[in-house]
Amino acid sequence: MPAESSYDCIVVGSGPGGYVAAIRAAQLGMKTAVVERDRVGGRCLNYACIPAKAVLRVADVLQEIRDAGDFGIKTSPPEVDFDAVMARRNKVVETLTSGVSGLLRKNSIELIEGTGSLAGPGAVAVDGRQLTANTIVLATGSVPRPIPGTEFGGRVIGTEEAWALSKLPASLAVVGAGASGAEIASAYARLGTEVRLFEALERVLPTEDADISKLVDRGLKRQRISVHTGTLVRDVESRKTSVAFSFGEESGEAEWMVIAAGRGADVDSLGLADAGVGVAASGLIEVDGAMRTSVAGVYAIGDLVPGPALAHKASEEGVIAVEDAAGLSTHPISYIDVPRATFCTPNVGSFGLTEAEAREQGHDVVVGKVQYGAVGAGTVYGDRSGLVKIVGDRQYGELLGGHIVGSRATELIQELVNTKLLEGGYPEVARTIHGHPTLSEALMEAARAADGWLIHG
Ligand SMILES: Cc1cc2nc3c(=O)[nH]c(=O)nc-3n(C[C@H](O)[C@H](O)[C@H](O)COP(=O)(O)OP(=O)(O)OC[C@H]3O[C@@H](n4cnc5c(N)ncnc54)[C@H](O)[C@@H]3O)c2cc1C
């Protein structure tokens, strides 16, 4: 049945930004369509966040089996059936993407397959067909960028391909030790691949707090990853079954090279210039705090706009955009307080300012640090070396940042984000009763340390 052509809201792109925007628009009574040229759920569900976490979960299970002896369980050495690993990965993706399709249907949102572009005021063209709407939300995400001197192709791949390999590689060279690179290195090394990880800057996870980077560096090396920081990869040559390269004074070869060193907004198909949508020198679309572009009625969200390129940030921007379009009052996002998660081992969760950033900004900085070993759960569950670091401002007890490395850090960080959002500070975290024995008690102790009365430690 041919789709209708007139809507209240058209969303271009069905990733975590686009599909959430569409559902919220439908909830607000807008007749809504989503245009998608590839697969429902966007890159996040099909190629990026979800496949990555599905494979990382396998590496974590494998690790637990290998460590089982520490808990008094005898096992024979586990074997990785990579075909089965990837079959599970695909099933996870399918379950979640069909869930999104179901949500679109449930909310009477029309899914239009094809490439959308702006086509004059209030109009979107989809492969030659003209659709109209008062509100248009651009949510087309981002595409990988190679490092200077390289191009994708042959044995040089991006992060999305790295999570979709059909055979467990014998060796990998991963370029870029940010969140994506660290996750790929940590998963494949534990699955049995020989991994070299390269980072041009001086430390792994270079945007995290320096204390966190140090522990992650140690953890990655413990997984037998050969970590090269402050190192540029050059002379990359893709061959038939391998890729050759040089770094420092050395040369190397790997089955695949994964470039995990940056992405750019996917705007080429959108017709932004003709439509008059302002784009910054960075290639990102310029928006205000309500996600409005320079063209009335046109919004942009997610990886297309400034702020951390994260799925949950995209979703929140989607909600803000359509609520603004519906005439509700919205609040701009405090981007620094968006939780950041890196799912490598050791796990990393953070938000807000690092200690160095807080000092640079002239805060009266107070730091509370405890290892997981300070609380009972660290010992009970077998992770004493995890670390919680709280960065605060002494004057009003403000929570400026939280940095956690260790088991379940990606889950634990949320408590500090919520406390800040609810206008609590570290003294409030210190006085909130936490269940025992839980790892979250380490957050309470770090807050007590910041407040000057650490009990356990
Ligand atoms: C390997 C990897 C792992 C990641 N892991 C995490 C993680 O664990 N947690 C996290 O928060 N973030 C993670 N991210 C980042 C996250 O994937 C992005 O921030 C998120 O996908 C952005 O969502 P989006 O809605 O802006 O766009 P996308 O998810 O990129 O979706 C955009 C959609 O738009 C479609 N599209 C593009 N152009 C058009 C057009 N003209 N017409 C119609 N459709 C179009 C695309 O086909 C795509 O489906 C990861 C990224 C990568 C690469």
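This briefing walks through the domains, the ligand surroundings, the sheets, the helix packing and some unusual backbone spots of this structure. The model is a predicted one. It is divided into three parts, namely domain 1 (3-143 + 264-325), domain 2 (156-261) and domain 3 (346-451). A good place to begin is the ligand, which lies between domain 1 and domain 2 because both give residues to the shell around it.

**Domains**

- Domain 1 is made of two stretches of chain, 3-143 and 264-325, while domain 2 covers 156-261.
- Domain 3 takes in residues 346-451. The centres of domain 1 and domain 3, taken over C-alpha atoms, are separated by 31 Å.

**Around the ligand**

- Which residues come nearest to the ligand? Of the 37 residues around the ligand, these are Gly13, Gly15, Gly42, Gly141 and Gly302.
- By character, the shell around the ligand divides into 13 nonpolar, 17 polar and 7 charged residues.
- Several helices each supply at least two residues of this shell: α2 (42-46), α3 (49-66), α5 (159-162) and α9 (311-325).
- The strands β2 (32-36) and β4 (116-118) also each supply at least two residues of the shell.
- Why does the ligand lie between two domains? Domain 1 and domain 2 both give residues to the shell around the ligand, so it lies between them.

**The parallel sheet of five strands**

- Here 5 strands form an open sheet, and their order is β8-β15-β9-β10-β11. The pairing in this sheet is parallel.
- At the edges you will find β8 (156-158) and β11 (226-229), each of which pairs on one side only.
- Neighbouring strands of this sheet are turned against each other by 20° on average, direction ignored.
- For a look at one pair, follow strand β10 (residues 194-199), which is joined to β11 by 4 bridges, the two running parallel. One of the residues to find here is Glu199, whose bridge partner in β11 is Thr229.

**The antiparallel sheet of three strands**

- Another open sheet is formed by 3 strands in the order β12-β13-β14, with antiparallel pairing.
- β12 (233-238) and β14 (250-254) stand at the edges with a single partner strand each, so one side of each is left without a neighbour in the sheet.
- On average, neighbouring strands of this sheet are turned by 20° against each other, direction ignored.
- How many bridges join β12 to β13? There are 4 bridges, and the two strands run antiparallel. The pair also forms a hairpin, with 4 residues between the strands.
- Within that pairing, Arg234 has Ser246 in β13 as its bridge partner.
- Strand β13 (residues 243-247) pairs with β14 in the antiparallel sense over 5 bridges. In this pairing, Phe247 has Glu250 in β14 as its bridge partner.

**How helix α3 packs**

- Two packed helices are described by the angle between their axes and the distance between the axes.
- The axes of α3 and helix α6 (residues 179-191) come within 9 Å and cross at roughly 45°. That crossing makes α3 oblique to α6, and it is left-handed.
- With helix α4 (residues 82-106), the axis of α3 again comes within 9 Å, and the two axes cross at roughly 140°. This makes α3 oblique to α4, and α3 passes α4 in a right-handed crossing.
- Helix α3 (49-66) links this topic to the ligand, as one of the elements that each supply at least two residues of its shell.

**Backbone spots to look at**

- A cis peptide bond joins Thr345 and Pro346, with omega at about -5°. Where does Pro346 lie? Pro346 lies in the loop between β18 (340-342) and β19 (348-352).
- The peptide bond from His436 to Pro437 is also cis, with omega near -5°. Pro437 lies in the loop between α13 (426-430) and α14 (441-451).
- Leu205 has a phi near 40°, a positive value in a residue other than glycine. Leu205 is found in the loop between β10 and α7 (210-222).

Notes:
Residues are numbered from 1 along each chain as its sequence is written. This is a predicted model: local features need pLDDT of at least 70, side-chain atom pairs count only at pLDDT 80 or more; totals for chains, interfaces and linings use all residues. Two strands pair if DSSP finds at least two bridges between them. Axes are lines fitted to C-alpha atoms, for helices over the stretch in contact, and angles run from 0 to 180 degrees between N-to-C directions. A residue is near a molecule or strand if its C-beta atom, placed from the backbone, lies within 6 Å of it. Ala, Val, Leu, Ile, Met, Phe, Trp, Tyr, Cys and Pro count as nonpolar, Asp, Glu, Lys and Arg as charged, and the others, Gly among them, as polar. Domain bounds come from an automatic or database domain assignment. Angles under 35 degrees count as roughly parallel, over 145 as roughly antiparallel, 65 to 115 as roughly perpendicular and the rest as oblique. A crossing is left-handed if the near helix is turned anticlockwise from the far one by less than a right angle, and right-handed if clockwise.
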